[in-house]
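Please examine the sequence and the structure shown below. The paragraphs that follow explain how parts of the two chains are arranged.

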Amino acid sequence: MPNLEHPAYPAATLLHLESLVPCRESQVSMLLSIFGERQQFSFPSIFIYGHTSSGKTYVMQTLLKTLQLPHVFVNCVEYFTSRLLLEEILMQLQNCSSETEQTSQVHCDTFNDFVRLFKQAVVSEEFEDQTLYIVLDRAEQLREMEANILPAFLRLQELTDRNVTVILLSEIVWELFRPNIGCFEPFTLYFPDYSIGHLQKILSQNHHPKYSVDFYAAYINILLGVFYMVCRDLKELQHLAALNFSKYCEPVVRGEANERDTRKLWKNIEPHLKKAMHTVYLREISSSQWERLQRDDGEPGQLKGLSAHTHVELPYYSKFLLIAAYLASYNPVRTDKRFFLKHHGKIRKTNFMKKHEKTSNHLLGPKPFPLDRLLAILYSIVDNRVAPTANIFSQITSLVTLQLLSMVGHNDQLDGPRYKCTVSLDFIRAIARTVNFDIIKYLYDFL
Amino acid sequence: MKSKEIPTAALVLGVNVTDHDLTFRSLSEVLQNNITPYIAFLEAKDCPGVKKLMQKLMGQLMNCSVDLDSSEDEDYVQVSHNRIRCSMTSLINWYESVTKKTDSETSSKKRTSSSRHWQSPPVVVVFKDMESFSTKVLQDFIVISSQHIRELPLVLIFGIATSPMIIHSLLPHSVSSLLCIELFQSLSCKDHLSTIIDKLLLRASFPFKLGEKVLQVLINIFLYHDFSVQNFVKGFQLCIVEHFCSQPVSVLCCQLVDAKKRADSLSHDQCENIRKLPSFQRYVESQVSENQIALLTEDTYLKEITQKLLEDLHVYHENYLSVLRCFHVFTSFLPKYPLGKQIRELHCACLENQVWETEEYESSLQLARMLNKSDLVTMLQQCVEIFVSSSGKEFDNTVEKLKEFLTQFQKLEAEAFQEQDVSVSSQKELQKKTDLYHLQKTLLELKESRRSKKLTKFEMLRFEVVDYIDSLVRNYLVPANHKTLHEIVYFNTASVLREHLNAAPRIALHTALNNPYRYLKNQELKSDEGSISNKAPDICIVYKLHLECGRLINLVDWLEAFSTVVMATEGPNADAASSDQVDDIIHARFIRAVSELELLGFIKPSKQKTDHVARLTWGGC
């Protein structure tokens, strides 16, 4: 274990910092050595990347806070335009530099303004001798702003001629950021995923005060045994650990087992955790519902998850419209004659197919079709006569707004609109069953 | 609940999108009265990006704070509106200032008004049409607001029209893990329809009634097209308007007391209108000749009779509804529901014609004769309840009769025990025989005895019950159009309704262009089908010509055909001079007509061949 050492900071603070960032000591010491001493100029921009919940934001925040370095922390998702982002940085600067005057509204439309205002803000003596850190979380959003924003942030130190370091945090690699025209290359630092041992260590840290450390560690061990295969997200695991701990303690509370009786405890909790994996982890049922279930000792089977409600009630003709759209999407146009004409003659599938049609249309996905084809199929699959009333047309539009159909291309309505059917085979079979329509018989793939 | 999770309600409302507004409105009323003044409704069409969404959200929230406060704060709001920074921070600042203000208010003056809300009321954001929102906007908004959930207690409501699966398809796991979603399912729209029919149509208190065809049109539009309860109600309103506009005698369509008064003060013309009613004419014909003359000539006598008939009609309705409900109880016990599951289907069947003459009725009686005892008893009990609670006066006997049936069933129960013993003993005898010959013999005997055996008492009673129900139906469920003066309260012109509610624009357009006489009523335009008259407007000629073409139409050929048709009047001599050169005026007329057709959506310029246009419709002559 590398102990954090740095001449600029007192050992006690560093020790405290080390306890706060378990399993990230090497990254922190690396950062510290890049930062150097307070007044020293640091590398102009640092790019930190790593998978979801590998501690990027947390480490940066604790590091800057515990060492009391002047910093600005901005989430780029939250400040979704460049103007908002720049103004937010300036506002935070004002806040941390001066307690005296009220923060006034800043207006900053361009990066040029930003540089000017930034220089003004940093003039105060507090920043004079210290490096200012600007942390941009979720930096991948910067790519969607104006083209000059990202390169300018990367060389902010040079542009402003001030002691400032920009730190970008992202989940994706630097190669995906690099603009075509090239830019200042930041120092990149990778935060690797936590290993199972790391997870165990971190999760065990916040144990319940009523129970011993070993007891909680054993619980975490079981939890990881169930969930590690599907989920390595630390936040999610923490959430799950908190949700299910009370269940784990139940035998101990009731006095049926003591804290050492791991096997018994395991037997008690394991099916419960498996159930949790299928329900609450997938957000099929909400955490509060899950807690309620635990309290009432009910079976999760009683509570239907979100995916259980697949049934969609549709008006009679909408059902047929959807069926017709499905047929139009998945059948080749030439086969319409065979399916919907009475005397189509015999067409063998093997001779009839072109080469590219031999692959299943269901694997290729839905194909667009014009409105007229949809209506033609509709008229031939509905038993009684359907008048082409305004209602039928508005039903097509409402199917589009319900996302059951989707319009292809944003052409003018008059210009022969084209649609795609976006529902799944299971869905359409359920729909077809309610109107006694054997859709499989009409699908070219199942011939 | 995880600390950062946003409480979310997934509200599954069904595909009848037009009704959602009503639901949301009442939801917001409830919320506003009990929980929070801060409610914002977002629609997908207003929110193409996060920026627009925030703008919309802040606009709505800050306006609602204006409503809450007095006018003195107006300048503050206006200032903030001018330089609104659409970010979460400004929203949080706003929230803090608002809650602080209400806090100080409560301490100073009006404790009552704000005490109905919570200490820090949540901000409710309703996504009206979840399906139409783009994933990115939703994701970003959720991620942002989850970061500030502590400072700004948000509650999200997703209005979902299809199925809650859409949440998973719109939001990736990393985002949906920020939500604490609970599912709420609204009643099916068919249930709403049933309620409306029950409360509106199957009530004697409303004088206005819908005829069978009209009701069928409304129900069909509902079931086949839109599932929209609101549209159903609008259709019903249209029926009322149409009825009172088009039917002169509808002046008598009101509560019985008023109707009698009005009947008394009818003018001569109005009396004549009554005499013209087909149902009244039928009634006159059934009378003796003196009466006939009196009815047709004396207004005072007519008024008297009208009052009597109106009362009859009223009584008929009261009885009809009770018996209909009773009969519905009866049919809903039958397997496969030959007369329909819903009372509306039964109602339609009864309105249409004499229900006891239909095959379905026959089969349902057959099935009823096979009902088991417990079903029969519960059915009878429910019928008794219906009749007791009904307002009709004639049902005292019926109730007694039904109660008598019930006591008889109870008596039977006691007797049943004894019979059981007998049957058990005969079966035991059967088991003793092992010889095949003997076995066959006994079986034959048993069969014989069963055939000749008289009906058990239970079966007798069952027949009686069914016959009694049958007699009730025959007495009371007479179709309304057999009743005299039914035209006064029944609206029957289904065709008008269909034209208004289920319009067919394509067909109308085709008729207009194919047969201009239909709308223009110009005698010259009257022509037999198929031929093209040159008197018709240019667009009609062009339309008819284009019907004869395939998918691609050659413009030159089309123009030539057009000029031939138009020139046909000028006679063969004029034609000869300009046969190869098309007149400029005709050319211009042709171009105009073609562009009109393009505007109507029949053709479009084709990219395949420059001098061709593509047809956008198929079919034709």
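In this predicted model, helix α14 of chain A, residues 316-330, packs against helix α18 of chain A, residues 371-381: their axes come within 9 Å and cross at roughly 120°. Angles over 145 degrees count as roughly antiparallel and those from 65 to 115 as roughly perpendicular, so the angle here makes α14(A) oblique to α18(A). The crossing of α14(A) past α18(A) is right-handed. On the side of α14(A), the contact is made by A:Phe320, A:Leu321, A:Ile323, A:Ala324, A:Ala325, A:Leu327 and A:Ala328. On the side of α18(A), A:Arg373, A:Leu374, A:Ile377, A:Leu378 and A:Ile381 take part. By character, the residues of this contact divide into eleven nonpolar, no polar and one charged.

How far may the coordinates of chain A be trusted? The mean pLDDT of chain A is 83, and 89% of the residues score at least 70. Among the elements of chain A, α14(A), the helix just described, has the highest mean pLDDT, 93. The lowest, 54, belongs to helix α16 of chain A, residues 349-352. Where pLDDT is low, the predicted coordinates should not be read in detail.

Chain A as a whole contains 20 helices and eight strands. Of its 447 residues, 51% are buried. If one takes the contacts in chain A between residues at least 6 apart in sequence, 71% of them join residues at least 24 apart. Helix α3 of chain A, residues 56-66, offers an example of burial: A:Lys56, A:Val59, A:Met60, A:Thr62, A:Leu63, A:Leu64 and A:Thr66 are buried there. After α3(A) comes A:Gln68, which has a positive phi, near 55°.

Chain B may be read in a similar order. Chain B has 30 helices and ten strands, and 44% of its 621 residues count as buried. Among contacts in chain B with a separation of 6 or more, 74% are between residues 24 or more positions apart.

One pair of helices in chain B is α18, residues 359-368, and α22, residues 457-476, whose axes come within 10 Å and cross at roughly 150°. Because angles over 145 degrees count as roughly antiparallel, α18(B) is roughly antiparallel to α22(B). The crossing of α18(B) past α22(B) is right-handed. B:Tyr361, B:Leu365 and B:Ala368 of α18(B) make the contact with B:Arg462, B:Val466, B:Asp470 and B:Val473 of α22(B). The residues of this contact comprise five nonpolar, no polar and two charged.

A single residue of α22(B) completes the tour. B:Val465 lies in this helix. Is B:Val465 buried or exposed? Since its relative accessibility is 1% and buried means under 20%, B:Val465 counts as buried. Leaving aside residues up to four places away in sequence, B:Val465 touches B:Leu376, B:Met379, B:Leu380, B:Phe405 and B:Phe409. B:Val465 and B:Arg369 are 96 residues apart along the chain, yet their C-alpha atoms are separated by 8.9 Å.

Definitions and conventions: Residues numbered from 1 in each chain as written. Chains lettered and ligands numbered in written order. Predicted model: local features only at pLDDT ≥ 70, side-chain atom pairs only at ≥ 80, totals over all residues. Heavy atoms only, no water. Axes fitted to C-alpha atoms, helices over the stretch in contact; angles between N-to-C directions. Helix = DSSP H or I, 4+ residues; strand = E, 2+ residues; numbered from the N terminus. Parallel < 35°, antiparallel > 145°, perpendicular 65-115°, else oblique. Left-handed = near helix turned anticlockwise from the far one by under 90°. Contact = heavy atoms within 4.5 Å. Nonpolar A, V, L, I, M, F, W, Y, C, P; charged D, E, K, R; others polar. pLDDT = per-residue confidence, 0-100. Buried < 20%, exposed > 50% of the residue type's maximum accessible area, 1.4 Å probe, protein only.
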